[in-house]
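Please look through the sequence and the model shown here, following the chain into its nonpolar interior and then out to two loops.

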Amino acid sequence: MSNERKYKTIIHIIELRVFFRYENSAIGGEHLRDGMPLKQVQRRIEEFLCNGEAMWKIRSPKAGKARILVGHHLHPLLQSLHLQYPPFMIRDTAAYPPLMKTNKLSNSLKYLTQTYLGYDIQAGVQDPYEDCVATMRLYLRMRNQVHQREDYPQASDPRNRNNFAPSRQSELERMSPEAMLAISRSDYYCWCLDST
């Protein structure tokens with residue numbers, strides 16, 4: 001079985017187990033009657049995501065064999081399946097700051113697809129495969145953005161901690177907005193760093 005086919009199968013299993021809402025998904029009880037037990041679903045998903053690597057050994061998206069989990073609004077999906085996956089290996093389009101309405105509210109996948117990709121999804125019955133493709137395209141679009149590369153890109157990096165220290169208040173007040181922007185850093189992991 002090809003990796004693409006396995007990926008589609010696992011996403012389909014997640015969608016069947018979590019979104020048993022007939023009005024949205026057209027999935028009824030007859031679809032789940034002969035379904036896999038939860039433990040087996042969990043094991044298959046973990047095997048696919050970890051790709052032969054022990055969960056506790058996963059350290060970085062760039063090192064090791066584990067896969068990056070891409071999706072929209074993944075927290076409730078993982079919670080309902082009783083699965084834990086390292087946060088630094090998750091790319092959730094609902095929780096990525098540049099795609100959010102505010103720092104607490106996320107946009108719908110339908111809105112994000114229309115806005116950033118220029119086509120409509122979820123017209124009528126919700127199709128899990130269509131949602132999966134749209135989410136992956138959003139991730140790839142965000143990942144392929146070109147930014148100026150920085151040696152210390154995140155605000156949480158120890159080398160950036162004193163950029164806006166209280167002891168520098170008078171110096172900061174005299175700086176132009178352009179100069180302040182030059183020393184500022186984002187407080188989230190930019191997905192464009194996945195492609196390096």
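Helices (H or I, at least four residues) and strands (E, at least two) are DSSP runs, numbered from the N terminus. This is a predicted model, in which local features need pLDDT of at least 70 and side-chain atom pairs count only at pLDDT 80 or more, while totals for chains, interfaces and linings use all residues. Residues are numbered from 1 along each chain as its sequence is written, and side-chain values use heavy atoms, with hydrogens and water left out.

The largest nonpolar core (a set of buried Ala, Val, Leu, Ile, Met, Phe, Trp, Tyr and Cys residues joined through side-chain atoms within 4.5 Å) has 15 residues, of which Ile45, Leu49, Ile58, Leu69 and Tyr85 touch the most other members. Helix H4 (38–50) and helix H5 (74–80) each supply at least two residues of this core, and the largest share, five residues, comes from H4. Beyond its neighbours within four places in sequence, Leu49 is in contact (heavy atoms within 4.5 Å) with Ala66, Arg67, Leu69 and Tyr85. A second, separate core of 14 residues includes Leu99, Met142, Cys190 and Leu193.

Turning to the loops, Asn51 lies between H4 and strand E1 (69–71), and has a positive phi of about 55° although it is not a glycine. Asn51 counts as partly exposed because its relative accessibility is 31%, given that buried means under 20% relative accessible area, exposed over 50%, and partly exposed in between (1.4 Å probe, protein chains only). His73 is placed in the loop between E1 and H5, where this non-glycine residue has a positive phi of about 60°; with a relative accessible area of 44%, His73 is therefore partly exposed.
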